[in-house]
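Student: I've got a new protein to look at, and I'd like to talk it through with you. Can we take it piece by piece?

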Amino acid sequence: MNTQQGGPGGPENPGRRSFLESSAVAGAAASLTAAGVRPVPAARARISAPYDLNEATIAELQRAMAAGRLTSTALVIFYLERIAALDQRGPRVNSIIEVNPDAPAIAERRDRQRRAGRVRGPLHGIPVVLKDNIDTADRMQTTAGSLGLVGTPAPVDSTVAARLRAAGAVLLGKTTLSEWANFRSSSSSSGWSGRGGQCNNPYALDRNPCGSSSGSGAAPSANFTVVSIGTETDGSIVCPANVNGVVGIKPTVGLVSRAGVVPISHTQDTVGPHARTVADAAAVLSAIVSRTPDPRDPATGTSPLGKAGAPRPALPADYTQFLNPDGLRGARIGVAREFEGHSPKLDAVFEDALKAMRSAGAILVDVTFPHFQDISTGTPEFTVLLYDFKGDLRNYLTTRVGVPLAGGTLSDAIAFNSAHAARELQFFGQEIFELSEQFNVADPAATDQPLKMSYNDALAADKLFGAKEGIDMLLTQHALAAIVAPTDNPAWPTDLINGDHFVIGTSSPAAIVGYPIINVPMGFVFGVPVGISFMGTAFSEPALIGLASGFEHVTQARRAPRFLRTLPFDTKGLPRTVRPGRRRAGRVMPKFL
């Protein structure tokens, strides 16, 4: 395999296609298998990391494996060597919190199945990493980044992990994350946890990878895996996708089962893929969707808050059928202008993206959210999340054994953190935990709650703001296929002292009602990527995939990271004038959950 220090500078590496097309790969894979490589120790890795397969898509890898030019075993070894050389050593992105010691053996099994003619589908033999809040019943931990969940691994696979295994994927490892999915403190640093430490951005290591699915965004971008799985409550799939230059699909709540996932809120939590292309993300989505109700997650048999009570539609068997390189032509798309004016440099990239969309045949219509201020302040949403978390965490902890918090409560988690403050509370506190603990979760109509709003009133407000007089109203009024906005501000310098430097995020209108979003890379600001979000109504993933793939085709904005220690700040090519900035509304709730 070809190797290099640090990694390539662009999306295509000179050796990638020749590697995929070379019959020498079969011999290399055979020698790896014959050498009994299982698992690969860290000492085996070289700082000169292999790069031949960088940016390879699922379709390309499957063609190579079908032709006998590549094996799943060789593919796993490739990623394990890159993880050891560039993630755990060298630049030390720190996106992988744990490697699955059984991954090489699983890959060998997938290779034997392929030779026997038993290929399970597009993910057969494909390495996948999962966020460290998704249960896997194997030798890996599931901790949400907390030392309180370290010990005996989860006894049962999450439904997502089980579906990935059934699809033939190789679970390669777990990714670092913001501890407790960033629902512990409002002054946290995204990507930090007591167990995993700080995840870094592969484009500039002193920049933040966002969160809470930090490693899940960074790992596929850095070519440490083919695809990954993250979770989102409000922003935690799309923001890491934005700053790490990858595609992120945040599905409709209930489209993918949350069973076996450490929760924040059953109202807003969802699980979805990060990938380098829309096609790869759609292939993963096809594998993990719950097309029949999962008895462990009632949301898989209903519609989300924005469509509460409406029948759940039949779900497609394959979301890749909606990929369309000409997907923008003739599409009416709303442009949410309220999200501009907060980051002038981001605005300039967004305006270029809109020009590209018009050139590709899209019809753009400016739209305004009537309750933008209420959504931005976030009091109803925060009320829902704080209320849900207290009960949902208790329910999850009943499923765990052999860890400090097994069978415990939020109060126990607070006490554990206080008792282990030197590790858990060294950079920020747990005021969100403490606020949630004050909630009376016995009466959803009670108004004497910490934020002076009842749970029922908060749900009604969110449905009004995000759906009835929000996304659904705008889509209907203007006959739109979707609404677009810049996803988030560019990556900020990681700051463990003061926490995240949040400027703007656009995930909340969809998050509060459980609606889907797809982030696609749209360009760069001073060397770090930024993305565009396509949002729509419940279960509109087919339409969003068509639009997102059309945008991806005409812009081709992704560039692979170079693991710079800091940014060069070359201003050449920036616009001479930018829009003046404006102050955002004061926000009650933290971001990137």
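**A walk through the model**

Tutor: Let's start with Ala467, which counts as buried because its relative accessibility is 0%. Keep in mind that this is a predicted model.

Student: Okay, so which helix does Ala467 lie in?

Tutor: Look for the stretch covering residues 455–477. Ala467 falls inside that run, and the helix is α16.

Student: Which residue, 47 places away along the chain, has its C-alpha atom 9.4 Å from that of Ala467?

Tutor: Start from the contacts of Ala467, leaving out residues up to four places away in sequence: they include Val513 and Tyr515. The C-alpha separation of 9.4 Å belongs to the pair of Ala467 and Gly514. So the residue you want, 47 residues along the chain from Ala467, is Gly514.

Student: Now Ala287: is that one buried or exposed?

Tutor: Ala287 sits in helix α9, residues 278–288. The cut-off for buried is under 20% relative accessible area. Ala287 has 14%, so the label is buried.

Student: And what does Ala287 touch, if we skip residues up to four places away in sequence?

Tutor: Val256 is a residue to compare by C-alpha distance, at 9.7 Å from Ala287. For touching, we ask for heavy atoms within 4.5 Å. With those sequence neighbours skipped, the residues are Leu123, Arg163 and Ala167.

Student: How many disulfides are there?

Tutor: A disulfide is a covalent bond between the sulfur atoms of two cysteines. Here Cys210 and Cys239 form one, with their sulfur atoms 1.9 Å apart. The count comes to one disulfide.

Student: How far apart in sequence are the parts that this pair ties together?

Tutor: Cys210 is in the loop between β7 (197–198) and α7 (214–221), while Cys239 is in helix α8 (residues 238–244). Both cysteines, Cys210 and Cys239, are buried. Because of where they lie, the pair ties together parts whose separation in sequence is 29 residues.

Student: What about the handedness of the link between Cys210 and Cys239?

Tutor: Check the angle about the S-S bond, which is 100°. The link of Cys210 and Cys239 is right-handed.

Student: Last one: which helix gives the largest share of the largest nonpolar core?

Tutor: That core has 119 residues, and Met357 is one of those with the most contacts inside it. The largest share, nine residues, comes from residues 72–87, which is helix α4.

How values were computed: Residues are numbered from 1 along each chain as its sequence is written. This is a predicted model: local features need pLDDT of at least 70, side-chain atom pairs count only at pLDDT 80 or more; totals for chains, interfaces and linings use all residues. Side-chain values use heavy atoms; hydrogens and water are left out. Helices (H or I, at least four residues) and strands (E, at least two) are DSSP runs, numbered from the N terminus. Buried means under 20% relative accessible area, exposed over 50%, partly exposed in between (1.4 Å probe, protein chains only). A disulfide is a pair of cysteine sulfur atoms within 2.5 Å. A nonpolar core is a set of buried Ala, Val, Leu, Ile, Met, Phe, Trp, Tyr and Cys residues joined through side-chain atoms within 4.5 Å.
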